[in-house]
Every structure is written in structure tokens, then in C-alpha cells.
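Subject: Structure handover

Hello,

Here is the structure for you to take over. Please look through the sequence and the model first; my notes follow below.

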Amino acid sequence: MPHRQSLSALNRMLATGGISSTEITTHFLDRIEKNQQLNAFVSVDREQTLARAQQADHSRRNERNLNLKGLPVALKDIFCTQDLLTSCGSRILSNFVSPYDATVVERLDKDGFFVLGKTNMDEFAMGSSNESSYFGPVLNPWNTARVPGGSSGGSAAAVSARLAPAAIGTDTGGSIRQPAAFCGLTGLKPSYGRISRYGMVAYASSLDQAGPITQSAEDAALLLQTMAGFDSRDSTSLDTAVPDYLSALNTGLENVRLGIPKEFLDPSIDPEVLSTIETALQEFEKLGAKLVDIELPNSGAGIAAYYVIAPAEASSNLSKFDGVRYGHRASEFSDLLDMYEKSRAEGFGDEVKRRILIGSYALSAGYYDAYYLKAQKVRRIIANDFSQAFKQCDLIAGPTTPSTAFPLGKNLDDPVSMYLNDVFTVPVNLAGLPAISLPAGFDQSGLPIGLQLIGPYLKEANILSAAHAYQKVTDWHQRIPGDYE
Amino acid sequence: MTRWESVIGLEVHVQLQTQSKIFSGASTHYGAEPNTQACAVDIALPGILPVMNRTAVQMAATFGLATGATINHRSVFARKNYFYPDLPKGYQISQYEIPIVSGGQINIGEGDTLRKIRITRAHLEEDAGKSQHDGLGKMSGIDLNRAGTPLLEVVSEPDMRSPAEAIAYLRKIHSLVRYLKICDGNMQEGSFRCDANISIRVEGDSELGIRTELKNLNSFRFIERALNHEIQRQIDLIEDGGQVVQETRLYDSDRDQTRPMRGKEEAHDYRYFPDPDLPPLVIEDAEVEYLRASLPELPDARCDRFIDTYQLRKSDAQQLTADRGIADYFEETVREAGGNSKIATNWVTGDLMAALNRDSLPIEQSRVSPISLGKLICRINDQSISGKIAKDIFSDLWDNGGDVDQIIEARGLKQMSDSVELEQIVEKILSKFSEQADQVRQGQEKVLGFLVGQVMKETGGKANPKAVNEILSRKLSP
């Protein structure tokens, strides 16, 4: 059955003619239809997607274009696509069709990956549970009373339930890694600038980064290879060569120094998460890695800094949603100001409004220095902590999240405890570094636990090869939730 | 009676004449159908990102170099946040804390009246679109063609003390940006706009009064009128025991009055912060040096050279060098005219300027080329035609084009200097007007002019008046 195969395995099967794109795509489209209760997808166009699969089969047969992969992937609804709505989990964009494709979509397309469907997400990527979506919450396939994590919750749930062989998400403060951890998947946030942000609806521009949510590090490498690289349309994208991630996968862990920040093994975190991570680290040691105690003394300030910087940027980024040129416009209003106010009041959900308010406040005259500038200073200090740490180690390891997936609704009335979910992921975004979350075990109730590996700037290959080495000797990443086998 | 002194600072918006917009590839061409020159970036679709237009950066740096300013090696783009329908992103990308150009100076007047006007800064930013409220019923229209057009905002210190000084400063900047070819200077199309900050104080005071800001002044004439009006309004206000309120006012040219646009209580908090989509703008020393070496001769230097090289009066030199196109035209005309700068000056400042003004044409679209005008001057010089005939030929060239020599030939306008032929005509006229001839012989020299006129008439204006005079004088000498 195609859904029991990884993206890489399907790719190999396609190349040898063992299966067709059409068969694969039909299979996943059927599974999406049968599992709508998860609410993982917000838009799917069966006919159009099948036509893409048939095209891929045709060109593989007739033009012997073996580079053209012909594989469907799920795409977070934050990426602009011409063929499907791009609603970003928001009412204000619920009718929006982009006239252009995001660079990520173009690159996927060039390598023969096509969009299986657009996945649900927290509104404008603001959330850690996928409960802020205008289209309703996504359920965690491991336990449907639990959240899948967020903001790329739909992407993670889709791959976890094997409704898609792989998915693309975005990560501003943990939005790829945290849902990957909650759903038992491999989620990679590349270095800031590695993948173009062009066509990705901006949440916090200095932190946003696209990345894959997959079954394995190998799959992540395959998709990163396709998406990474300079884009002249994004001034923050990096104009440096993209390494061959796939061929670096088997570098192994021999003599790799794995830094363990004592701040990440805080006794306040879930003991089951802690013990699982400790077991996983022993496994890394067996594979040749050397564990080194390190410190990230200021990482604790990460959440505070993040929740100033990200909302500040968001408050400005979301100003374009004014009901004037596209998106939701209030049906009745008395004048221009009233139109703005009503359109935005109706169009945005509570969490988005909360962050716009926080951000506007942090940037306003008289508060700018105390909040925004201070947060930027903290950001530099945190980045500096990482630079210091990487003098002692090659990679940093720890838990991705302080707990496993929490119950739906649990943190809805308590934004701060919701925000604290990102305590281990946020510092990585602030420093612009690459990091991966990979499945490292389960708690007693059967919920997945994620281990995070953080690398120096642009060292995605090192992270991927370490993760791959671990996945070669463990099978956590191959586990499929019972109802979806 | 109190003697008031006005204090004026100007913010000049110079639209940089790049081919494409400051952060997108859309064309900046003026006058297209609404919203046909606005791409995804300009209309702020979700997911779009700005990319810096390097030519705009070079133009800004060039301006800085020409005013003796500092070009900041690293400058930063910031977002100025406010909602308005013609501002698609909900923020304007501008430079706030660190502009590309800092400092600089423009000199106005000369000698005893020389004043140095300091330029505080010049920064790059994007223009907004335009709102249209007329002719659409209860709706308003938004045209985003202009959105994203590069602007250089030149901010002066409050160094000007009269509307006349403000205008002189503004003209200098206008001339300079045209010299540097960074702006077409077209005020009607809004390529060159100005806001003014004005306050008054008792002459001799060192503290500044409360200022008002006048927005969107779009012709030199209106600016001067608006400034005069606003200064008088402030004086009247204070002399009546009132106080000036810090506010933005709009000048209504139809009514010749200013009225408040928005008060301070509604002052925006623009929530400036560095734009995370654009890395700091870096300009390397090598690029600055390259731009410095590429600077053209600037108006003041050219004016001095004109006085020197062409022996012009200062006023003529200033008039000819205020606009780079006219100065270029003049120099080419002189070259074609074999160096006759005096006649060239008269023609360029006279007939040519009059014709350009009449048809509202810029010098670049002059219907008579400097080559033709030079040739025409040569023909005056070698006495082939008279100055009067030359004016006639100039009109012909202006209206119908063509070649100077061919027109002279075709219309038989060549001046008659051949004395044999002329003498015959003079004889004929003398016999026809014998009475007048006698009067001249009896010493009534004024009548000579009448006879000259008759000869000119007889020859259809082609006779060389000097030669006619000579012949007549000789024949009628007592």
C-alpha cells in the first residue's frame, strides 16, 4: 500500500516502474476523502491533482524524464497557489485565489512534486495547537482528543495519518517542529534564508522559514534539496550554493559532539519526555556521538523576545488585509474607517487580533525602546549563546517540546501557557539556525515524543545525517497511528 | 511695529526617473491607464516581497555627492505604518533612522546675499498610489500605477528666511536633479513636489516659533503664494493675540488660502521599525567613487564657465545654465555657429525660449535643433540673411522643419549685397520718391529711413540694410 511507504521509497518505486503517479495519487486522495474528520485539509481538487499525476506518468513513459518525480505532497495553506485557494487559516483570505505561485511551489513543480491539497493551519500561522484556524481545529491522528500542534497542524496530521506521503509547512517559532513532535514525524526548519519566502504569506518576516514535514530525515533531505536555493525575488534569501543533502545523509555520527544544554533538560518538563530524550541520547552515544554538557544561559528569555518581535512584525505584515483590494470586506459600512474596522474585526480571529495588538503596542511611540529594541537585543544575545555553544559541540540536542500533545481546548483560555510550548523551538528561530524534530519514542498514553537537533548556520546536512543515522537503528519514525495503518 | 521674520524648511519629494519601481519590476511610465502598471508587489498581494532597485540607490547617492553630503555606507529601510487605500501594504517603505544621504548644502544668492541652505538628509522611499474621488458616484477609485515609484525626499534645515529664498532653494534643487538626470522635474505630473514647514518669530529671536506644515505644493508660483499667505496668516493670528497651532495645512490655489488638513490631536503614530524584508542597504566606497567620478558639471560651475568662456553677463549665464538641457542646447548652438556666443545667447534666451513657452515644450522637444539654429546664426553672420529674415526662417523651421540653407534658397531669401543690382533698385526708388530724396539732400536725415524702407520693400526684405544705407548715403550726400 503506497501510504505505508516513505516519500523516498515511493520515489524509488516510481523510478523502477513499480507503481505509477496516478496510482499513488488516487490512493492518497481516497484516504483524504475517507478521513475528513481530522480536518487536515482545507482544499483539495481531485480532478486537477489526478491530471497532474497522469501528466507525470505520461512524461516519464514518453519522454523518459526520470528526474521528474511525479509525487504528490500536501502544502500548508500559507503558500500562494494559482490552482487552489490560499486562505492562510483565516476568514479574511477565505475567498482568496493567488494569481501567482510561491517560489516553493515553483521549485516543487520543477522537480515533479505537485500539490495534493492545501492543509489546515493556525490562522496566519499564529498558534501552537491548530485551534486558531477559521476552518476549525485539526485532530491529532494518534489521539483525536489531542491537538496536532501548530501552526502547521494540518500538514503534520496529514502525514501522520498517511493522507499524504509528505507535507510542506512553515516554522516561525516552532510551527514545523512542534507539530512534527506531536504527530510522530520528522520536521525540518532550515536556516533563515535557505528557502525563499516569496509567496509565503508573511507572519513574522525575520523568523518565517519553510520546511518539510516528513516520515524520515531522508524524505526531508529530498524535499529540502528541491526547495533550497537563492531567489532574486526574496532579498533575505541566501545567494550561496546548496549542498547535496542526499549524498551527505550517510556521514554517520562517529565523533560528532552532541551538546546537551542543561536549560533544555529542565526538571519542569514532562518526566516521560525527559526520560525518552535521555534514552534517545544514549542511542546517539552508541552510534559514536560524544555527549557534551553545554549552556544556553539566555534561552529562557527567548519566548519573551519572540512574543514581542513576531507580533510587532505581524502587526505590520497584516496591515495589507484591509478589505480594499482582495479578501473579506464587510458587507455594510458607513465610511472608509468603518470599512477597515468591520472588515478586519470580522476577518481576523482572536489570536490574530491579540498579536496585532501586542505588536502595535510594542512598536508604538514611547514603548519601542522598552519592548521592540530590548527584544532585538535579547535576540542577539541568544544568537551569541548558540555561537558560543557551537565552539564546544557540532550539534545541540534536547526535547522539541516540554510535553506531548495536549488536549484540545486545554490552553485556549491561557495564551501564555500556549506560548510556553515553544520554549525549546523559539530560540532557534531567533538565531536563524536550522533544526529538526524527529520521533524518539512515545509516552505511556501512546503519544509521540520529539527530539530536537539544532545545527550551526547552514549545516542542514549535518543535522539530516545525524537524524538519518538514528533512524537507521530505530523505528519510531515508521510507526503509524493505529486507525490509519 | 514688530518686525517679523519667517523661518522656512522644505521637504522636497524628487521622483527618481528609473525605468522600474523602487521595489518591483513594474514600469514607472507616467500617464498609463489606471492600475495597468502595478504588479503583484505594488498591489501588495499576500506573500510578495520587495527587492531594491539599485539604480534608485545610485541616483540618491549621486544627489548626495552633488550637494557635498555624506553617503552613508550602510542605511536602513523602515516601515512607516498607516492605513490608507492608496497605500496597499498598509505601510510605506522609507528610510527613518539611517538615511542614505546625510548633510549637504545648497547655496542661494551671491555676494552679500549668499546664503548656505543646509540639507539635513535625503532618504529613499516609495511613493503611494492615487485616490480618485470624482466621477465615481459614492465610490472612490484607487490607481496604483504610482505606488512604488522611487522618491528621494530631500529635507532641509529651517534655514530659509523668506518665500523668495525658499523658491531660490527649490529652483536650485530642481535644476540640480535635472542636471544629474535623476528626475524629469515635471511638477505638473508630480515628479517634483514640495512640503513646507513655516513658522514666524520676531526678527532677532533665536528660538523657533510653532510651525505649520503646508502639503503638496506643486508649482513654483503656488508655493510662493502659499508661503506668503501662510506667513501673513500666522502674523495676523499672533498680532490678534492668538497662537499658531502645530498642524498640517493644505493650500487651495483656487481660493488662495490654506486650511487645516489634520490637527496634532490626530497625529499618527507611524510605528516605524526596520523592514525585515530588506537587508540594510550597503553602498561600497568603490561605488561611491565611481559615482563621484561620473558626476556631470554642476550648474554653479557651468555658470562660471559660461561667463568665462563665452563672455556672458551673469544674468544670461544663470538663465542659460539653470536647466541642463538648455545649457547643452546653447553650447551646441555656439559650436555650430562658429563660436558666436553673443548672437546664440540672444537667440536661445529670446526666440527659442519664447517658442518653447508658447508651445509648452521642454528643451528636449524643441522643434528647432541646435544644429539648425547654429546654421541660421552662421547665415546671419556671413550676411546671407538679415536678422529679420532669420526670425522668419526660425518660425518656418519651428512650424515646418527643414534645412536652413534650403529654405533660404527655396524662398529666395538670400540677402542682396550685390551693389550693382542694389544700385539699380536704389536709383529706381530715388526717381520714384524724388521729393523725399531732396529732403534728405537738404539735411532731413530722418527721411533716409523711409527710403531705406522702400528699398527693403522693393527687395522683399532681402536687401542688406547696411549696404542699402551706404548706397543711399553716398548718392544723397550733399
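**Salt bridges within chain B**

Arg178(B) has a relative accessible area of 18% and is therefore buried. Please keep in mind that this is a predicted model. Arg178(B) makes a salt bridge to Glu364(B), with 3.9 Å between the closest N and O atoms. Arg178(B) sits in helix α2 of chain B, while Glu364(B) is in the loop between α8 (341–358) and α9 (370–381), so the pair ties together parts 186 residues apart in sequence. Unlike the buried Arg178(B), Glu364(B) counts as exposed, at 53% relative accessibility.

A second pair is Arg161(B) and Glu5(B), whose side chains meet in a salt bridge of 4.0 Å, N to O. This one also links distant parts of the chain: Arg161(B) is in the loop between β11 (150–156) and α2 (163–179) of chain B, Glu5(B) is in strand β1 (residues 4–15), and 156 residues separate them. Arg161(B) is partly exposed, with a relative accessible area of 26%, whereas Glu5(B), at 17%, is buried.

The third pair is Lys89(B) with Glu126(B), where the closest N and O atoms are 2.8 Å apart. Lys89(B) belongs to the loop between β4 and β5 of chain B and Glu126(B) to strand β8 (residues 115–126), 37 residues away in the chain. Both Lys89(B) and Glu126(B) are buried.

There is also a network of salt bridges in chain B that links Glu297(B), Arg302(B), Arg305(B), Arg324(B), Asp328(B) and Glu331(B). Over all chains, the count comes to 61 salt bridges.

**Where chains A and B meet**

The contact involves 39 residues of chain A and 28 residues of chain B. About 2,600 Å² is buried between the two chains, and carbon and sulfur atoms give 60% of that area. How many salt bridges are there between chain B and chain A? The count is one. It is formed by Asp277(B) and Arg197(A), with the closest N and O atoms 3.0 Å apart. Polar contacts between the chains come to 15 residue pairs, counting pairs with both residues at pLDDT 80 or more.

On the chain B side, β4 (77–81) and β16 (273–274) each supply at least two of the residues that touch chain A. The residues on that side divide into 20 nonpolar, five charged and three polar.

Ser206(A) is one residue of chain A that is in contact with chain B, through Pro276(B). Within chain A, and leaving aside neighbours within four places in sequence, Ser206(A) is in contact with Tyr192(A), Ile309(A), Glu313(A) and Arg379(A). The side chains of Ser206(A) and Arg379(A) are joined by a polar contact of 2.9 Å. Ser206(A) lies in the loop between β5 (186–189) and β6 (209–214) of chain A and is buried, with a relative accessible area of 12%.

**A sheet in chain B**

The strands β4 and β16 of chain B also belong to an open sheet of three strands, in the order β5-β4-β16, with antiparallel pairing. In this sheet β5 (91–95) and β16 are at the edges with a single partner strand each, so one side of each has no neighbour in the sheet. The antiparallel pairing of β4(B) with β16(B) runs over two bridges. Arg79(B) stands opposite Phe273(B) in β16(B).

Regards

Definitions and conventions
Residues numbered from 1 in each chain as written. Chains lettered and ligands numbered in written order. Predicted model: local features only at pLDDT ≥ 70, side-chain atom pairs only at ≥ 80, totals over all residues. Heavy atoms only, no water. Contact = heavy atoms within 4.5 Å. Buried area = accessible area lost by both parts, 1.4 Å probe. Polar contact = N/O pair within 3.5 Å; in protein donor to acceptor, adjacent residues only side chain to side chain. Helix = DSSP H or I, 4+ residues; strand = E, 2+ residues; numbered from the N terminus. Nonpolar A, V, L, I, M, F, W, Y, C, P; charged D, E, K, R; others polar. Pairing = 2+ DSSP bridges. Buried < 20%, exposed > 50% of the residue type's maximum accessible area, 1.4 Å probe, protein only.
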